[in-house]
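Subject: Structure for you to look at

Hello,

I am passing on the structure we talked about. The sequence and coordinates come first, and my notes on what I found follow.

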Amino acid sequence: MLKAIIFDFDGTIADTKDISYYVYCELAKKYNIEIIDKKAYDALSELPLRKRLSQFGVPFYKLPKLVKIAIPLFRQYLQEAPIFPELEAVLDYLKEQGYQLMILSSNHQMNINHFLVLHNLNQFTDVYAKASLFGKDKKIQQLLKKHKLTKDEVVYIGDEERDILSCKKAGVKIISVPWGYDDIKLLESANPDFLIRDPEEIIAIVETLIG
């Protein structure tokens, strides 16, 4: 029986895609990386993360360092990021139904908490931050152990291919959403358990998982 719902943050709850472009431009200037226009940047959502980096000539091993530098820059722009439309009503409904709502993200705790306060989002009982970009499966397993939850009692909601891969490793179901960072075709290719197009569809899927 479903008891808890774990949400990704960037691209799932917070619409930070425009912010990511601002941050990319600042990093590009600092590290002599090619700067492309916003349209071309958005088109990269069709590619897996490793291939996106290769488009800029950035070795994959440098990604953790760039992410560490990008986190404070994100904080500067975060007040400009909205919550995705209709999602707040979905969160309210799920909380009213008694589900435990949590966030598991690669972003920094301070950034996430700032956004939640800014938008008066008090539906979440726990926030797990600074998860490895490609190691969320370990964080998911730690979360399950801490809250004494089985794999069948949780579902993860995320917007990226790497979320799908992490959930498969952790053995938990995932609802993929196409309003974030990764294109819907890329999400489909990773074969998530569920792929939706509208936040309200989350409720229908959750009801099928009650068991």
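A residue counts as partly exposed when its relative accessible area falls between the 20% under which it would be buried and the 50% over which it would be exposed. K38 has a relative accessibility of 26%, so K38 is partly exposed. Please keep in mind that this is a predicted model.

K38 and its surroundings

K38 belongs to helix α2, which covers residues 38–43. Apart from neighbours within four places in sequence, K38 is in contact with D18 and Y21. With D18 there is a polar contact between the side chains, at 2.9 Å. T125, by comparison, is 87 residues from K38 in sequence, and the C-alpha atoms of the two are 36 Å apart.

Aromatic pairs

Y21, one of the contacts of K38, leads to the aromatic residues. There are seven aromatic pairs in the structure. One of them joins Y21 and Y41 edge-to-face, with 5.1 Å between the centres and 65 degrees between the planes. This pair links distant parts of the chain, since Y21 sits in helix α1 (residues 17–31) and Y41 in helix α2, 20 residues apart. Both Y21 and Y41 are buried.

Y41 also pairs with Y24: the ring centres are 5.2 Å apart and the planes are at 20 degrees, so this pair is stacked. Here too the partners come from two helices, Y24 from α1 and Y41 from α2, so the pair ties together parts 17 residues apart in sequence.

What are the relative accessible areas of Y24 and Y41? The value is 10% for Y24, which is buried, and 15% for Y41, which is buried as well. Y21, Y24 and Y41 make up one aromatic cluster.

A charge over a ring

Elsewhere, R50 lies over the face of F60, 3.8 Å from the ring centre.

The cavity

How many cavities of 30 Å³ or more does a search of the whole structure find? The search finds one. The volume of the largest cavity is about 820 Å³. Its lining consists of 31 residues, and those nearest the centre are S20, Y41, L49, L63 and Y181. Helices α1, α3 (49–55) and α4 (63–77) are the elements that each give two or more residues to this lining. Y41 therefore appears twice in these notes: as a buried residue with a relative accessible area of 15%, and among the residues nearest the centre of the largest cavity.

Regards

How values were computed: Residues numbered from 1 in each chain as written. Predicted model: local features only at pLDDT ≥ 70, side-chain atom pairs only at ≥ 80, totals over all residues. Heavy atoms only, no water. Helix = DSSP H or I, 4+ residues; strand = E, 2+ residues; numbered from the N terminus. Buried < 20%, exposed > 50% of the residue type's maximum accessible area, 1.4 Å probe, protein only. Contact = heavy atoms within 4.5 Å. Polar contact = N/O pair within 3.5 Å; in protein donor to acceptor, adjacent residues only side chain to side chain. Phe/Tyr/Trp six-rings, centres within 6.5 Å; stacked < 30°, edge-to-face > 60°. Lys NZ or Arg CZ within 6 Å of the ring centre and 35° of its normal. 1 Å grid on protein atoms, 1.4 Å probe; cavity = no way out; pocket = protein on both sides within 12 Å on 5 of 7 lines; lining within 4 Å. Points joined across faces, edges and corners; volume = space filled by probe spheres on them.
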